[in-house]
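Subject: Structure for your review

Hello,

The structure I mentioned is below. My notes follow it.

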Amino acid sequence: MEFTMKQTQKLRQTSILLLLAALFITGTACNGEEAPVEESDADDVRTIEITGVDQMNFVVAEETEGIVTGQQIGEEYELEQILAQPGEEISIRLESRSELPASAMSHNFILLEMDTDVDRFANESMTAPDNDYISPDMEDQVIVATDMLAGGESDTIQFAVPTEPGTYTFICSFPGHYAGGMVGEIVVE
């Protein structure tokens, strides 16, 4: 059986979480002795809360260090750039806020490789609803992606920023959203 990149990533994440949960719950090492408790690296992960809105924008509550915002949309601000260090661990929590049906308004967050033809990626992905609007022919250009989210849904992804300095584009691939301005950059300095 052949899995898509996204399915393989989810399977890998689920396996790791189950293993960690089992170790945490049992609290014992293989020899039956109490397992040593290690310090959490959670403090080393920068969490960014992003909302996808009906105006076809990624928005954040405020401009903070490492976040560049644009116009104000309601009480929030359009997310334009995330400034990051090479290899930095980032957690993106995307929430989709909409009263429209999922077929009319859903959002995802896709971080693309640096040299991706973003226009081509977005155009080809519009024809792949069964793959969360990610073109199967271009999955190798995706660094990380959330699920496609209807209003009220959320998803969190954690990843290491690429180590090569440069600009990496992120988009929402729901049809029309990239063209409507649902796009930004992670700038690796």
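Which side chain of opposite charge is nearest to E78, and how many Å away is it? The side chain is that of R97, 13 Å away. This is a predicted model, and all that follows should be read with that in mind.

E78 is buried and has no salt bridge. A salt bridge here requires a side-chain nitrogen of Lys or Arg within 4 Å of a carboxyl oxygen of Asp or Glu, so R97 at 13 Å does not qualify. What the side chain of E78 does have is a polar contact with the side chain of N57, at 3.0 Å.

E78 belongs to strand β4, which covers residues 76–84. Beyond its neighbours within four places in sequence, E78 is in contact with N57, F58 and V59, with V68, T69, G70, Q71 and I73, and with G181.

Strand β2 takes in residues 57–60. Its partner β1 is antiparallel to it, and 3 bridges hold the pairing. Within that pair, T51 of β1 is opposite V59 of β2. The β1–β2 hairpin leaves 3 residues between the strands, and M56 there has a positive phi near 60°.

Strand β1 also pairs with β5 (residues 89–97), in parallel, through 9 bridges. V45 sits opposite E89 in this pairing.

As for burial, β1 spans residues 45–53, and 7 of its 9 residues are buried, so the strand is largely enclosed by the rest of the structure.

Regards

Terms used
Residues are numbered from 1 along each chain as its sequence is written. This is a predicted model: local features need pLDDT of at least 70, side-chain atom pairs count only at pLDDT 80 or more; totals for chains, interfaces and linings use all residues. Side-chain values use heavy atoms; hydrogens and water are left out. Helices (H or I, at least four residues) and strands (E, at least two) are DSSP runs, numbered from the N terminus. Buried means under 20% relative accessible area, exposed over 50%, partly exposed in between (1.4 Å probe, protein chains only). Lys and Arg count as positive and Asp and Glu as negative; His and the chain ends are not counted. A polar contact is a pair of N or O atoms within 3.5 Å; within protein, one must be able to donate a hydrogen and the other to accept it, and residues adjacent in sequence count only if both atoms are side-chain atoms. Contact means heavy atoms within 4.5 Å. Two strands pair if DSSP finds at least two bridges between them.
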